[in-house]
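Please open the model in your viewer and keep the selection panel at hand. The stops below take you from one place to the next, each with something to select and a short account of what is there.

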Amino acid sequence: MTPETLVSQLKETKTYFDRSTRCLTEEDSAFAPAAGTWTVAQQVAHAAQTVDWFVEGAFRPEGFDMDWDKLTDQINRVNSLTAARAWLDAAFSRASQVIGSRSAEELAQPLPAQGIMDGAPRGAIVGALVDHTAHHRGALTVYSRLLGRVPAMPYMEAPAEVTA
């Protein structure tokens, strides 16, 4: 795929995530459906962290950071949905910049052999990001329902109500 197509997929994914989670507010930051699960803010932060993680892992010489304890600690410290959303905005912006600045040849180079998408083309991280972000978007729509909210359909804006 071309860098332009991959950047388009990233932008679309971010739009879907934002649309389906916009019913959540800062006041919902600490909500978690059960003990031991991530809060709303932590779910969003994890999605953001993973965007950065995939991009960094695909393009830095040492590959993917496999220090799971460190990565989990970073997420566990997040307690603000506003801060998590800012991280997500910045992460997608960075991803779009990095992917968009690479040639098709660079994106076709294989990922490091570390057990994470071994040998797949570097550009394949975008598909993984789409899937991962959709997974957490789905979890957050469940959180929204548990909070009594109705999340928006991610793929389009709802038509305006017609009044007579």
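In which segment does M156 lie? Select M156 in this predicted model, and you will find that M156 lies in the segment after α6. With a relative accessibility of 43%, M156 counts as partly exposed, because that value falls between the 20% and 50% limits. Now add T25 to the selection and draw a distance between the two C-alpha atoms: M156 and T25 are 131 residues apart along the chain, and their C-alpha atoms are separated by 21 Å.

**The pairing of α1 and α6**

Next, select α1 and α6 together, and turn the view until you can follow both helices along their length. The two helices pack with their axes 10 Å apart and at an angle of about 5°; since that angle is under 35 degrees, α1 and α6 are described as roughly parallel to each other. To see where they meet, show the side chains on both sides: α1 contributes L6, Q9, L10, T13, Y16, F17, S20 and T21, while α6 contributes V126, L129, V130, T133, H136, R137, L140 and T141. If you colour the residues of this contact by character, they divide into 8 nonpolar, 7 polar and 1 charged.

**A salt bridge between distant parts of the chain**

From here, move on to D28 and R149, which form a salt bridge whose closest N and O atoms are 2.5 Å apart. D28 lies in the loop between α1 (3-21) and α2 (40-59), and R149 in the segment after α6 (125-146), so the pair ties together parts that are 121 residues apart in sequence. Are the two partners buried or exposed? D28 is buried, with a relative accessible area of 5%, whereas R149 is partly exposed, with a relative accessible area of 26%.

**Other salt bridges to select**

The count of salt bridges in the model comes to 9, and a few others can be visited in turn.

- Select R60 and E62, which form a salt bridge with their closest N and O atoms 3.4 Å apart; E62 counts as exposed at 52% relative accessibility, while R60 is partly exposed, with a relative accessible area of 27%.
- Select R102 and E106, where the closest N and O atoms of the salt bridge are 3.6 Å apart; R102 counts as partly exposed at 25% relative accessibility, and E106 likewise counts as partly exposed, at 29%.
- Select K14, D18 and D89, which are linked with one another in a network of salt bridges.

**The surroundings of S80**

For the last stop, select S80, which is placed in the loop between α3 (68-76) and α4 (81-100). S80 has a relative accessible area of 16%, and because this is under 20%, S80 counts as buried. What does the side chain of S80 make a polar contact with? The partner is the side chain of E26, at 2.9 Å. A polar atom of the S80 side chain also lies 3.1 Å from the backbone nitrogen of A83, so it is worth displaying backbone atoms here as well as side chains. Finally, leaving aside residues up to four places away in sequence, show what surrounds this serine: S80 touches E26, S29 and A41.

Technical notes
Residues numbered from 1 in each chain as written. Predicted model: local features only at pLDDT ≥ 70, side-chain atom pairs only at ≥ 80, totals over all residues. Heavy atoms only, no water. Helix = DSSP H or I, 4+ residues; strand = E, 2+ residues; numbered from the N terminus. Buried < 20%, exposed > 50% of the residue type's maximum accessible area, 1.4 Å probe, protein only. Polar contact = N/O pair within 3.5 Å; in protein donor to acceptor, adjacent residues only side chain to side chain. Contact = heavy atoms within 4.5 Å. Salt bridge = Lys/Arg side-chain N within 4 Å of Asp/Glu carboxyl O. Axes fitted to C-alpha atoms, helices over the stretch in contact; angles between N-to-C directions. Parallel < 35°, antiparallel > 145°, perpendicular 65-115°, else oblique. Nonpolar A, V, L, I, M, F, W, Y, C, P; charged D, E, K, R; others polar.
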